[in-house]
Amino acid sequence: MFGRAVKRFQTKWKSYRHRFVPWVVLNISKNEKTLRHVTESSQDKLVPDEEVSRSLVRLFSALLGIDRTAVRADPGGGDPMLEQALGFSIDRRPSTLPFAGTGVFVSSGAVPKGATVAMYPGTVYQPYEPILLQSIRNPFVFRCIDGVLIDGNDKGISKMVYRSCSGRDRVGPFMMSDTSWLTSTPKNPLAVGQYINNCSDEWPANVCYQEYDLPDEFPIEFRQYVPNINYSQDTRRPLRCVVLVSLRDITAGEELFSNYYTIVH
C-alpha cells in the first residue's frame with residue numbers, strides 16, 4: 001500500500017514539478033537551458049495569431065447568439081454548438097493515464113492539424129508579481145517562455161483572486177473576462193486547457209501550447225468569453241493567453257496530450 005502511494009506521488013510530481021514556482025526557482029539554471037532549447041527550436045508559430053483570432057471570433061460569435069443553458073449536450077456525445085462552429089467538440093472526463101485524474105478528450109467531430117483546440121484559463125502574472133502562495137500545492141501554474149505565469153487553478157485562493165480581478169476590470173456593461181470556467185459548466189467550451197495531461201512514451205503529444213497575446217482590436221463584446229485576466233490592472237502589456245494547437249489530425253475519442261516543455265513563442 002505504501003509503495004503504491006509513493007509511486008503515485010512520484011508520477012504526479014514528475015508531471016507538474018516544472019509548474020511549481022519554488023521548484024522552478026531552485027532549478028532555474030536547468031530550466032533556462034531547457035527553455036532556451038525550446039525557444040531556439042520553436043521560433044515560428046504553428047499557426048499565425050490571426051488564425052487563432054479568427055477561430056475564437058467564430059466560436060464567440062456563436063456563443064453570443066445562443067442561450068447555452070438551452071443547449072445541453074448528451075454526456076460523451078459532444079457539444080453540437082461547438083462542433084458547428086469549429087467542426088469538433090471537447091469535454092473533460094477521467095484520463096486514460098494512471099493516476100492522472102481528469103483529462104480532455106475530443107468527444108465528436110474531427111480536429112484538423114493546426115486547429116485551436118483549447119485555451120489555458122487563469123490569472124496572468126508578470127514575472128515580478130507575487131504568486132508564491134497561490135502556487136503551493138497547485139499543479140495548474142503554467143510558465144510561459146518569458147516568465148509570465150498563468151494560474152489555471154479553479155479552486156481556493158486562485159479562484160478568489162481571479163474573481164476579484166474580473167470584477168475589477170469590468171467596462172460599463174461589458175465584462176472583460178469569463179469566470180464561468182471556474183465552474184463545472186464553462187460558457188466557453190475551450191476553457192479546459194489546464195486539464196490536458198502531459199504526454200508519455202506510450203501517448204505522444206498531439207497538441208502543443210502556443211502563446212497568444214489578445215490583440216487590442218479584439219471585439220469588446222467577445223471579451224466576456226476570454227478565460228484570462230491580468231493580475232495587475234495597470235499593466236500596459238497585451239493580455240497574454242495560451243492556446244493549444246493540434247499537431248496532427250485528431251479523431252473523436254482521442255485524449256489530448258501536450259508536452260509541458262513545448263511552448264511555441
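User: Let's start with the term: a polar contact is a pair of N or O atoms within 3.5 Å, where, within protein, one must be able to donate a hydrogen and the other to accept it, and residues adjacent in sequence count only if both atoms are side-chain atoms. Which side chain makes a polar contact of 2.6 Å with the side chain of Ser89?

Analyst: This is a predicted model, where local features need pLDDT of at least 70 and side-chain atom pairs count only at pLDDT 80 or more, while totals for chains, interfaces and linings use all residues. Residues are numbered from 1 along each chain as its sequence is written, and side-chain values use heavy atoms, with hydrogens and water left out. Ser89 has a 2.8 Å polar contact to the side chain of Ser107. The 2.6 Å contact goes to the side chain of Ser108.

User: Is Ser89 buried or exposed?

Analyst: Ser89 sits in strand S1, residues 88–94; strands are DSSP runs of E with at least two residues, helices are runs of H or I with at least four, and both are numbered from the N terminus. The classes go by relative accessible area with a 1.4 Å probe and protein chains only: buried is under 20%, exposed is over 50%, partly exposed is in between. Ser89 comes out at 0%, so the label is buried.

User: Zooming out, what share of the contacts in the chain with a separation of 6 or more comes from residues 24 or more positions apart?

Analyst: The chain has seven helices and 13 strands, and 49% of its 265 residues count as buried. A contact here means heavy atoms within 4.5 Å. Among contacts with a separation of 6 or more, the share from residues 24 or more positions apart is 75%.

User: How much of the accessible surface belongs to carbon and sulfur atoms?

Analyst: Areas come from Shrake-Rupley with a 1.4 Å probe, and for residues only the protein chains shown count as cover. The chain's total is about 13,100 Å², and the carbon and sulfur part of that is 55%.

User: What accessible area do Leu133, Ile136, Ile157 and Met160 have together?

Analyst: Patches take residues with over 30% relative accessible area and no salt bridge, joining like charges within 9 Å and nonpolar side chains (Val, Leu, Ile, Met, Phe, Trp, Tyr) within 5 Å. Ile157, found in helix H7 (residues 156–168), is partly exposed at 34%. The four residues form a nonpolar surface patch, and their joint accessible area is about 410 Å².

User: What is the angle between the planes of Tyr125 and Tyr231?

Analyst: Rings of Phe, Tyr and Trp (its six-membered ring) pair if their centres lie within 6.5 Å, and planes under 30 degrees apart count as stacked, over 60 as edge-to-face and the rest as tilted. The structure holds 10 aromatic pairs. Tyr125 and Tyr231 make a stacked one, 4.7 Å centre to centre, with planes at an angle of 25 degrees.

User: How many residues apart are those two tyrosines?

Analyst: Tyr125 counts as buried at 0%, whereas Tyr231 counts as partly exposed at 27%. Tyr125 belongs to strand S4 (residues 122–125) and Tyr231 to the loop between strands S9 (228–230) and S10 (240–246), so the pair links distant parts of the chain, with a separation of 106 residues.

User: Which residue joins Phe60, Phe218 and Phe222 in one aromatic cluster?

Analyst: Phe60, Phe218 and Phe222 share their cluster with one further member. That member is Tyr225.

User: Which side chain shares a polar contact of 2.7 Å with Arg240?

Analyst: Arg240 lies in strand S10 and is buried at 10%. Not counting residues up to four places away in sequence, Arg240 touches a set including Val124, Cys144, Ile150 and Tyr212. The 2.7 Å polar contact is with the side chain of Asp213.

User: Which residues are joined with Arg240 into one salt-bridge network?

Analyst: A salt bridge needs a side-chain nitrogen of Lys or Arg within 4 Å of a carboxyl oxygen of Asp or Glu, and the whole structure has eight. Glu211 forms one with Arg240, the closest N and O atoms being 3.6 Å apart. This pair links distant parts of the chain, Glu211 being in strand S8 (residues 207–213) and Arg240 in strand S10. Through shared partners, Arg240 is networked with Asp146, Glu211 and Asp213.

User: Which residue meets Lys155 in a salt bridge?

Analyst: Lys155 counts as exposed at 51%. Its partner is buried at 7%. With an N to O distance of 3.1 Å, the partner is Asp154.
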